[in-house]
Amino acid sequence: MTAARPIPPERRGACPALSRPMETGDGLLVRLVPAEGALAPEQVKGLAGAARAFGNGLLEVSARGSLQLRGLSAETIDGLRAAVNALAIAPRESVPLDVSPLAGLDPSETADARPLARRIAAGIAARGLAARLGPKVSVVLDSGGAIPLDALSADVRLVAVPGTAHWALALAGDAATARPFAVLPEAEAAEAVLDLLGRVADLGTGARMADVLAGDASLSPTAGGEATPGQERMAPGRAVRPIGRLPLSDGTVAQGIGLPFGQIEAEPLAALADAARRLGARDLRPAPGRALLAVGLSPEGADAFAAEAATLGFITAPDDPRLSVAACPGAPACRSGLVPARAAAGEVAAALAPILDGSITVHLSACAKGCAHPAKAALTLVGMDEGIALVREGTAGAAMRADFPLAALLPRLEALVRAAAEGRRAGEDSRAVMARISPAAAGTENRMPEETMAERKTSGPLA
Ligand code: SF4
């Protein structure tokens, strides 16, 4: 075992909870996750009003299912805190323990993850771990069911093993990349998680589980042999799309809707909350995949809720191509933005619609920071000084230089769609086609000379 060195705190990243808002290019950002995962319709309406009064009037649901308010300032943050307090919303402030928003209500889940999450939360409090861990350290508890958490990266992942009352633990990654560790009954799983988090904490507040793994090869169960059943790495999951009707174990239903590119104005959200209350929804729950779930509806109420949501501009069809595109606010909302990413996202989704079959994610980032989708995407379009960089199977940070000017974006995407149609084999999804498509067809070949790029540079509309 290698002697572990403390990780400097400046590497710890940021987690913009209500008590720790994060500075962004468009003011302070607050991530507000209700401790119990659900908000009454009246609370959602109140938050929408607070977003308008104290922020820029926009609310977001992130890919992980966190509610976010943007455009706050040092002068307005206390007003938001007072509003949240007055609405009796208890935000999560400790180590994130992500479970399905329908845990305990989903008839298709393997287990209810909430008792295990509560056991881990109690252990974190008892051991004083929250103050010793960096703000991005997280635990995912995936109990199977209608809302898989495959795409959520975590320091420790627990996945319910069907038919065993055991949990499979894996470390430092999402379902496809986390390193298998052990398969344990629930009580032992909780203790193991707490011990693992303790080892991260021992390395300092800048540490993540990957740092523990880097210093201790014995943490891999495959170091001395084959993985046992339940410990195999999982195949990459499809994008989470909890859009549509989901039956619940209490006889009611949940209706899932999406926020276009993860964002909505305060006024339509307030109107949606009114509709949810009027139609009998018990609560509204932010969900992974930039979604909201209205829970406790009758089937008729769910139909009416979906119809009102569509009228208000929400996504109600699971095959809507906008669900496959992540986009940050970009210019002019964000000072770092080099292109109008959010404004262009609709046109990008429409242009790529023929290949957005749910097997790929497209990320439109107005700078190389990649706020809207920190993970790799099949296609990442990055705003650069000279135009757009196109990254395949990578992150925005992998962009080195522009491949074409902004004005050429839509023609390039249309050419990519044509190449994918010509190259597609029977039964093949877009992920497979994109993996095979040539650099020329993907738009990363025949880059323009820099002087030509400068001439064609534009900061205006795409078309
Ligand atoms: S990725 Fe987008 S939101 Fe993030 S800093 Fe860059 S322009 Fe701003």
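A pocket, on a 1 Å grid over the protein atoms alone, is an open set of points with protein on both sides within 12 Å along at least five of seven lines, while a cavity is a set of points where a 1.4 Å probe fits but cannot get out; lining residues have an atom within 4 Å of a point. Grid points are joined across faces, edges and corners, and a volume is the space filled by probe spheres set on the points. With that in hand, the second largest pocket here has a volume of about 760 Å³. Its lining takes in 28 residues, and those closest to its centre are A35, E36, G37, L97 and V99.

Some ground rules. This is a predicted model, with pLDDT of at least 70 needed for local features and 80 or more for side-chain atom pairs, while totals for chains, interfaces and linings use all residues. Residues are numbered from 1 along each chain as its sequence is written, and side-chain values use heavy atoms, with hydrogens and water left out.

**The chain overall**

The protein chain has 12 helices and 18 strands. Both are DSSP runs numbered from the N terminus: helices are H or I with at least four residues, strands are E with at least two. Of the 463 residues in the chain, 51% are buried. Buried stands for under 20% relative accessible area, exposed for over 50%, and partly exposed for anything in between, using a 1.4 Å probe and protein chains only. A contact means heavy atoms within 4.5 Å. Among contacts with a separation of 6 or more, 64% are between residues 24 or more positions apart.

**Pocket and cavity**

Back to that second largest pocket: strand 5 (97-98), helix 3 (114-127) and strand 13 (283-287) each give two or more residues to its lining. Helix 3 gives the most, with four residues.

There are also two cavities of 30 Å³ or more. The largest cavity has a volume of about 80 Å³. It is lined by 13 residues, and V44, V61, L67, L269 and L292 lie nearest its centre. Helix 1 (41-54), strand 3 (58-61) and strand 13 each supply two or more residues to that lining, with strand 13 giving the most, at three residues.

For the residue classes, Ala, Val, Leu, Ile, Met, Phe, Trp, Tyr, Cys and Pro count as nonpolar, Asp, Glu, Lys and Arg as charged, and the others, Gly among them, as polar.

| Site | Nonpolar | Polar | Charged |
|---|---|---|---|
| Second largest pocket, lining | 16 residues | five residues | seven residues |
| Largest cavity, lining | 12 residues | no residues | one residue |
| Ligand shell | six residues | four residues | one residue |

The ligand shell in that table consists of C328, P329, C334, S336, G337, S365, A366, C367, K369, G370 and C371. A residue counts as near a molecule or strand if one of its heavy atoms lies within 4 Å of it.

**Strands and hairpins**

Two strands pair if DSSP finds at least two bridges between them. Strands of a sheet pair through backbone hydrogen bonds, either parallel or antiparallel.

Strand 10 (244-247) and strand 11 (residues 253-258) run antiparallel, joined by four bridges. One of the pairings is L246 with A254 in strand 11. The two strands make a hairpin with five residues between them, and G251 in the turn has a positive phi of about 95°.

Strand 11 also pairs with strand 14, antiparallel over six bridges, and here G256 stands opposite L293 in strand 14. Strand 14 (residues 291-297) is mostly covered, with seven of its seven residues buried. Five bridges join strand 13 to strand 14, again antiparallel, and P286 stands opposite L292 in strand 14. The hairpin of strand 13 and strand 14 has three residues between the strands, and G289 there takes a positive phi near 90°.

Elsewhere, an open sheet of five strands runs in the order 5-6-7-8-9 with mixed pairing. Strand 5 and strand 9 (179-185) are the edge strands, each pairing on one side only. Strand 6 (residues 139-142) and strand 7 (residues 154-161) pair in the parallel sense over four bridges, and L141 has L158 in strand 7 as its bridge partner.

**A look at I243**

I243 sits in the loop between helix 5 (209-215) and strand 10. It is buried, with a relative accessible area of 9%. Beyond its neighbours within four places in sequence, I243 is in contact with G256, I257, G258, A291, I315, T316, A317, P318 and L323. I243 and R290 are 47 residues apart in sequence, yet their C-alpha atoms are 9.9 Å apart in space.
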